[in-house]
Amino acid sequence: MKVTLSLIKADIGGVGGHTRPSKKVFQEVKDFIEKNGKKLLLDHLVFYTGDDISILMSHREGVSDKKIHQLAWEAFKAGTEVAKKQGLYGAGQDLLKDSFSGNVKGLGPAVAEIEFEERVNEAVLVFTMDKTEPGAFNLPFYLAFTDPLWSPGLILSPDLGKGFTFEVVDTEYLSGTKVIKLNTPEDLYDLACLLRETRRYVIKAIYSRAYPKEQVVSTSITRLKHIAGRYVGKDDPVAIVRAQKIFPATEEIGGAFRLAHYVGGDTRGSHNQPLMPVKFNSPASVHYCIPIVQGIALSVHEGKFSDFVDVFDEPFWDYVREKASLKSILMREQGFIEPSMLPREELEYGGIVERLKNLEKKFKIEK
Ligand code: MG
Ligand code: MG
């Protein structure tokens, strides 16, 4: 029997700014899923990353199932009502449309889903990010699935050695989902050319080439600005990754996050800052809300979750957090000068663009 994991996430309001959901809002979403998901779900886990609430669900309904999406949508709606009553900042922020139309994709929440024939020892990692964009997964997944310097399984395991198929989306295309499939290792340089443009090209899925029906990665590709037609916050992506045996090991996938690489996001969604790995249920930082990533590892059996490991909650990651803090300060020291602040096309607030428009009229061509 196939199992589907659905991870649906939304920002429906923060305490005193874009920090974290209030306890009441968080409890409301949890209780709603608990009560209304009983028949539909095999298991679930509700948690938060910065100001975003994530609902992880296991079930037998397949991907893009209306009932599953509706359950999450209504849970976020119920949470939004509480957020409004408490006057939370950005109450209901990610629920961009008024009514549910069968699928939360295109309505605001981020979605990652993966359906698979459960292995006897199904190991799964779940990553959730806040204050950044879907392309933030490009580098860690590139390293974990293509580079033997980072991911020794690629040369130690014959199954991994056959490579992976990457599905990459051009998020600037607005009339549908524009996807390219590339096979590693032979398409590696083409893949690199796309993944370097993190603001445009985003990994949507990765499949095993040894077992082509086996999907290993699913990532959310929501670009809120395209749905709303204006800036409404960063997209704050999520990903589900299957691990071990025919896939990279849990530690080969997690290890790539030690880079604390620079990503677009941070304050007003307008800066390049390092991605800091943080502990489960962390609030956003008031140090310019530095981009953060949380990770949990769990085992799934007959759709039921084991307890989970908070993968960034051990001493090694304290060092990475220090490194990320230093990288953050070093970049932040140059304030609004690129590349600390994002280029004009990516600035999420209109102020600078307005100014530049006005200044354009005052320029004179000297002869
Ligand atoms: Mg927010
Ligand atoms: Mg957020």
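**Group meeting: two magnesium ions, a pocket and two cores**

Hi everyone, let's start inside the fold: leaving aside residues up to four places away in sequence, Leu-56 touches Ser-6, Leu-7, Asp-43, His-44, Leu-45, Phe-47, Val-126 and Phe-305. Please keep in mind throughout that this is a predicted model. Leu-56 lies in strand E3, and with a relative accessibility of 1% this leucine counts as buried. For a sense of scale, pick Phe-363 as well: Leu-56 and Phe-363 are 307 residues apart in sequence, and their C-alpha atoms are 54 Å apart in space.

Staying on the strand, Ser-58 also lies in E3. Is Ser-58 buried or exposed? Ser-58 is buried, at a relative accessible area of 0%. Again not counting residues up to four places away in sequence, the contacts of Ser-58 are Val-3, Thr-4, Leu-5, Leu-41, Leu-42, Asp-43, Gly-303 and Phe-305.

Now to the metals. Which residues coordinate the magnesium ion that is ligand 1? They are Asp-11 through OD, His-18 through ND1 and Asp-51 through OD, at 1.9 to 2.3 Å. Along the sequence, the spacing of those donor residues reads D-x6-H-x32-D. His-18 sits in the loop between strand E1 (2-11) and helix H1 (23-36), while Asp-51 sits in the loop between strand E2 (43-49) and strand E3 (52-59), so this pair ties together parts that are 33 residues apart in sequence. On accessibility, His-18 counts as partly exposed at 33%, whereas Asp-51 counts as buried at 2%.

Next, the magnesium ion that is ligand 2. The coordinating residues here are Asp-51, Asp-52, Asp-130 and Asp-236, all through OD atoms, with Asp-52 listed twice, at 2.1 to 2.8 Å. Their spacing along the chain follows D-D-x77-D-x105-D. Asp-52 lies in strand E3 and Asp-236 in the loop between H7 and strand E10 (238-243), so that pair ties together parts 184 residues apart in sequence. Asp-52 is buried at a relative accessible area of 0%, and Asp-236, at 5%, counts as buried too.

You will have heard Asp-51 come up at both sites. Asp-51 bridges ligand 1 and ligand 2, and the two magnesium ions lie 4.1 Å apart.

On to the pocket. The largest one has a volume of about 620 Å³. Of the 28 residues lining that pocket, Lys-105, Thr-177, Lys-204, Ile-221 and Thr-222 are the closest to its centre. Which elements give two or more residues to the lining? They are strands E4 (110-117), E6 (164-170), E8 (201-208) and E9 (215-219), together with helix H7 (224-228). By residue class, the lining divides into 10 nonpolar, 12 polar and 6 charged.

Last topic, the cores. The largest nonpolar core has 48 residues, and those with the most contacts inside it are Phe-127, Phe-141, Phe-145, Ile-206, Val-241 and Phe-257. Helix H3 (residues 138-146) gives the largest share of this core, 5 residues. Take Val-241 as an example: beyond residues up to four places away in sequence, Val-241 touches Ala-123, Val-124, Leu-125, Phe-127, Phe-141, Phe-145, Val-216, Val-217 and Ile-253. Apart from the largest core lies another, of 30 residues, including Ile-55, Met-57, Leu-88 and Phe-100.

That's my tour, and thanks for listening!

Note on methods. Residues are numbered from 1 along each chain as its sequence is written. Chains are lettered from A and ligands numbered from 1 in the order in which they are written. This is a predicted model: local features need pLDDT of at least 70, side-chain atom pairs count only at pLDDT 80 or more; totals for chains, interfaces and linings use all residues. Side-chain values use heavy atoms; hydrogens and water are left out. On a 1 Å grid over the protein atoms alone, a cavity is a set of points where a 1.4 Å probe fits but cannot get out, and a pocket is an open set with protein on both sides within 12 Å along at least five of seven lines; lining residues have an atom within 4 Å of a point. Grid points are joined across faces, edges and corners, and a volume is the space filled by probe spheres set on the points. Helices (H or I, at least four residues) and strands (E, at least two) are DSSP runs, numbered from the N terminus. Ala, Val, Leu, Ile, Met, Phe, Trp, Tyr, Cys and Pro count as nonpolar, Asp, Glu, Lys and Arg as charged, and the others, Gly among them, as polar. Donors are N, O and S atoms within 2.8 Å of the metal (3.2 Å for Na, K and Ca); water is not among the atoms, so sites may look incomplete. Buried means under 20% relative accessible area, exposed over 50%, partly exposed in between (1.4 Å probe, protein chains only). A nonpolar core is a set of buried Ala, Val, Leu, Ile, Met, Phe, Trp, Tyr and Cys residues joined through side-chain atoms within 4.5 Å. Contact means heavy atoms within 4.5 Å.
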